[in-house]
Amino acid sequence: MSGLKSGSGSLGAYPTRNYAARYKGIGDIHNRLNQFTGGAYSDNNLAAMMFYGRKNDSDHVSLEVWSAPGLSKPTFEEAKKATGYRPAHVGESFGPSWSNHWFKVTVRIPKDWEKYERVQLEFDPSGEALIFNTDGLPLHALTGGFGGDRRVEFIIPEADRKAGVGHYFIEASCNRLGGQNDIQPPNPNNYYPLNSADLVAVNLDAWATMYDFECLHQMAYDLPQDSHLARKSEYVANKIMNAFRDKDESSLAECRKIAQEVLGEGWIREVEKDSKNADKQEGTLWGIGHCHIDTAWLWPFRVTQQKAARSWSTQVDLMERYPEHRFSATSAQQYKWVEQLYPKLFDRIKEKVADGRFQPLGSTWVEMDVNMPTGESLVRQFLYGQRYYESRFGFRSKIFVLPDTFGYSSQLPQLCRLAGVPYFFTQKMSWNLVNTFPHNSFNWIGIDGSQVLTHLTPVDTYGAQCNIDEVRKGMTNHKNSDVTNDALYLFGNGDGGGGPTPNMLEKLRRIRAASKQDDAGGLIPQLKMGGSFDEFFETLRAKTDNGKILPTWKSELYLEVHRGTYTSHGSIKKGNRKNEILLREAEYAATMASLADPDYEYPKAKFDAAWEDLLLCQFHDVLPGSSIAMVYDDAEEKYANIVKVIGGVLEEAHQVLYANSIPINKVTDQEGTLFAVNTMPNYHRQEIMEVPVDAHASIKDASVQISRDGHTAYMLMEGGKTGSAEEMVVVPKSISQAYAQRPRVSVHTTGPQTFIMANQSVRMTVDDGRITSLYDVALDKELIAEGMTGGMVIMEDQPNYWDAWDVDSFHLQKQQHLKFDQINILEYGPVRATLGATVMYGQSRMEVEISLDAISASVNSDARSMVRFDAVIDWRESHRFLKFELPLDINCDSATYDTQFGVITRPTHKNTSWDAAKFEVCAHKFADLSEYGYGVALLNDCKYGYAVDGNVMRLSLLRSPKAPDPNTDMGTHRISWAIYPHAGVYAESDVADVAYAFNQPMKLRLTSSPMASSHMLGASSPFKLHGAPNVRLETVKRGEDDKFDMDGKKTIIIRLFEHMGGHAKTSLKISGLTVKKAEIVNILEDNISDLNMSLETDDESDVPTSVLNLNFRGFEVKSVRLTIGGEKKRRVSGGSGSWVKL
């Protein structure tokens, strides 16, 4: 048997006697650690040794300033040439809010400072700033003030330090990273003091000691208190404080040596070695620098342009000092701004992109809202984003990044895959207020079956500050650690930009060192620097059998917060809807015009500019209504410009397609023939058009009803029958034609407060100001639930947290039913009957017209008429929510909602907390509640907030939050909605067609020709779908790579989708065009496969038709590219059956 001999070994003998009195720490050490790097003892602790010297007199720091006029934003070249620079001094204040002030700064370094390793300028303008060299290269940002995002130091370059003098320009802007006043309305008259402009010699050993100590301090506080490492960290940090000697430089080395007891012996050398080979580091928590810059929010677009330059120049600078640093940034729009406004910086960024350290990602034009834009808008986000990345950096992004958007549409997985994007990243689902989202890494499956590999960082933020508690959360909060413990850790200041700072990277170096020590096992995850999003997802696939062992989530990612954003700022949502439709119509018309007339040039540049502006305004704090007022001033201006430019494009195309014609949108005395352009190719439609009587002398004769006041004519339009010669051209029906087979509509009163509107299919009763009956005449069926009424309702809207963003469930508990008052009959029929009513509430006044037409809402034989509501609302409320509600005698556990490229069903019950959380949801043009045999749809022309609560359908009309824009929705609104009853369940109905037509009225024109003529491509769409009514033609445009000249390549992109949720086989027939080639392409217009094409000839017209047979799965989106051969101009003249001469 062997053992240690008594008194042997390196420790020597164990002492026999002990005179000490020692106990373990009794708790006061925990608080002592707060007193080492500042606080009350800063004159005697480590804080007193951070700098060797400080100079701020004019001999060492010379300042001149030029204040840019107004709120202008001059370029560097303009500022450098500006006259009027004057002396400036510390303590002087600059303003007002959002103004820009340029400083010329000259520093003169004392000769005796040559011995110091680092000399820096500390420039604190209270707000944001960007420092330039004299050649105009942005060097990095400065963030003033005394918050956690403070970064005011600029390291004097070695060449300037050796020369003893340096010259710089600083653009200081009068705003903070977070705007002016956080999420409260901004003060337009804030002034920002220049707090400091000091030349300082830095004690790098003291700073390193501080970083060491703070790392130990955090571990002592934030690691589990029963862990050895937490207790050891506290012990060693206290030991450092005991070793420190005030003003004794040599004690700093002792302190750093003691820190190695936790960080590891020689840790500095090891970390520096790892950092130089960062791409080879091992680890499960992937540390990637990130800078989330809201493209507009608490600041306008123009300030974001500066934020991007500030944030990204800072990251380029940090890459020179920290070789392990990798930085990611999204939004092609922001890259384009930097390219245009800061070209020298953009060149430096491209260099870093080329070596993989600066990582553009995100795939889209901006980080957009994905609830409200149309499917086509989402397509263009990917199209413009990916094409920009490819054109500037030589690659497309594989990652879709939306870390801060308010919920995620059910069609995003399919659109991602069609854009070549297999991966998706966010963290916003961690904001759920009711249910905790169950996954971090999973397969997200869209409604068509497409999937994207999705990761939600368990750290629950895109702006981590590199603290121990956050790093640990990346391990302890991982909900899928049963199959993978890899996670993304995005660090850096965000929202208002900034990104990672030197302090963050220093903290991460020490955390990396500590995590490699034996006693850190299970407490701190291994941090991997030097990686990329792509590498992370590839590793995730490799560790999860290509995602097969990960869980799945089907359909939308509904965010249980920020539901008020479906309604806030109604005017911006209306502008979005109208401009999406305008672009759709203009692209179709311009495409046809470019094929009809070889002299017409497709206005691609105008479309690109319009789309870029529309996509910009779909940013996730603009379209949702959660930005400051300045943002909406800018957005409304952009919307108005789109209407002007693209409206002009549409008119030019119509001039080509419909010879010698003008729109009836103003009074004209030109002689001619009236006709309307069908805005929905492939759709046979009928509708009543309202036209001012005095717009043209012939209007009165062409009408089937004149309003009682004599100002408005009602014209009956029916046409667009697929296959007809005039599918796209509709002429007014005469009175005899109108009444030949159509019963009339009537309205009458049975008492002072009872009004009944009725036609052959629908009867509605308004009694005592409420809708008490909605009756299907043909089926002898009452639709309003017994004992309930429909109409306007107002609710108290005082959310707990985010004013413009949130509506909480308790708003439903405090509501008031409003009455239609002062009801009078405006129109008695025979084609349109209208009630006029006034609704008063508080300071607001609502004028509502309720109309019922004699005709049904579609040409289907069993179609019903819709009841239309047109409201002009002068809204002056505070924290009130206005809705329209309809209680129905329909029982179904789900309702159907219009969404991008299809529909989505959501529960009407509250069986679970997941169901209950969906008390306000997003939909586009309609929501539908159906049971076997019957249903009712609620249509709208510019709204997105809906709810179906049991049997009660609600459409959200207006909110009135007061922050961040105190005047949100104040003013006049014009809103239209409609009730559309239908036979059968939704899938058996034509609700989608009727909703499209409700949003896209026909366009009335006048042609001066005695007998109008139009090009065949204007008279009839060349594209016909046969065999599958569940397939819809959504978009027709020219190809992105076409050459838009007479002899250039001509291709057409046709976007189609299955909109009911089932399989389909359809034939796409193309007539009047010579199709040389047909392909299936993705949404970036890359070839997926070639299509077989057959030819058939119409027996009547003898025109050859190209036929493509297409198969769809439920909710599938397909893009077809046709290559068109040379066309001769062909015109078709109308005969007596084609046109009506008035």
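**Strand pairing, nonpolar cores and internal cavities**

Glutamine 705 stands opposite tyrosine 714 in strand 27, strands being DSSP runs (E, at least two residues) and helices likewise (H or I, at least four), numbered from the N terminus. The model is predicted, so that local features need pLDDT of at least 70 and side-chain atom pairs count only at pLDDT 80 or more, whereas totals for chains, interfaces and linings use all residues. Residues are numbered from 1 along each chain as its sequence is written, and side-chain values use heavy atoms, with hydrogens and water left out.

Strand 26 and strand 27 (residues 712-719) run antiparallel and are joined by two bridges, pairing being assigned if DSSP finds at least two bridges between two strands. They belong to an open sheet of three strands in the order 25-27-26, in which strand 25 (685-692) and strand 26 (705-706) form the edges.

In the largest nonpolar core (buried Ala, Val, Leu, Ile, Met, Phe, Trp, Tyr and Cys residues joined through side-chain atoms within 4.5 Å; buried means under 20% relative accessible area with a 1.4 Å probe, protein chains only), which holds 224 residues, Phe820, Leu939, Phe1023 and Leu1122 touch the most other members. Apart from it lies another core, of 52 residues, including Phe36 and Ile524.

The largest cavity (a set of points on a 1 Å grid over the protein atoms alone where a 1.4 Å probe fits but cannot get out, lining residues having an atom within 4 Å of a point) is lined by 33 residues, and helix 16 (570-596) gives the most to this lining, with six residues.

Note on methods: Buried < 20%, exposed > 50% of the residue type's maximum accessible area, 1.4 Å probe, protein only. 1 Å grid on protein atoms, 1.4 Å probe; cavity = no way out; pocket = protein on both sides within 12 Å on 5 of 7 lines; lining within 4 Å.
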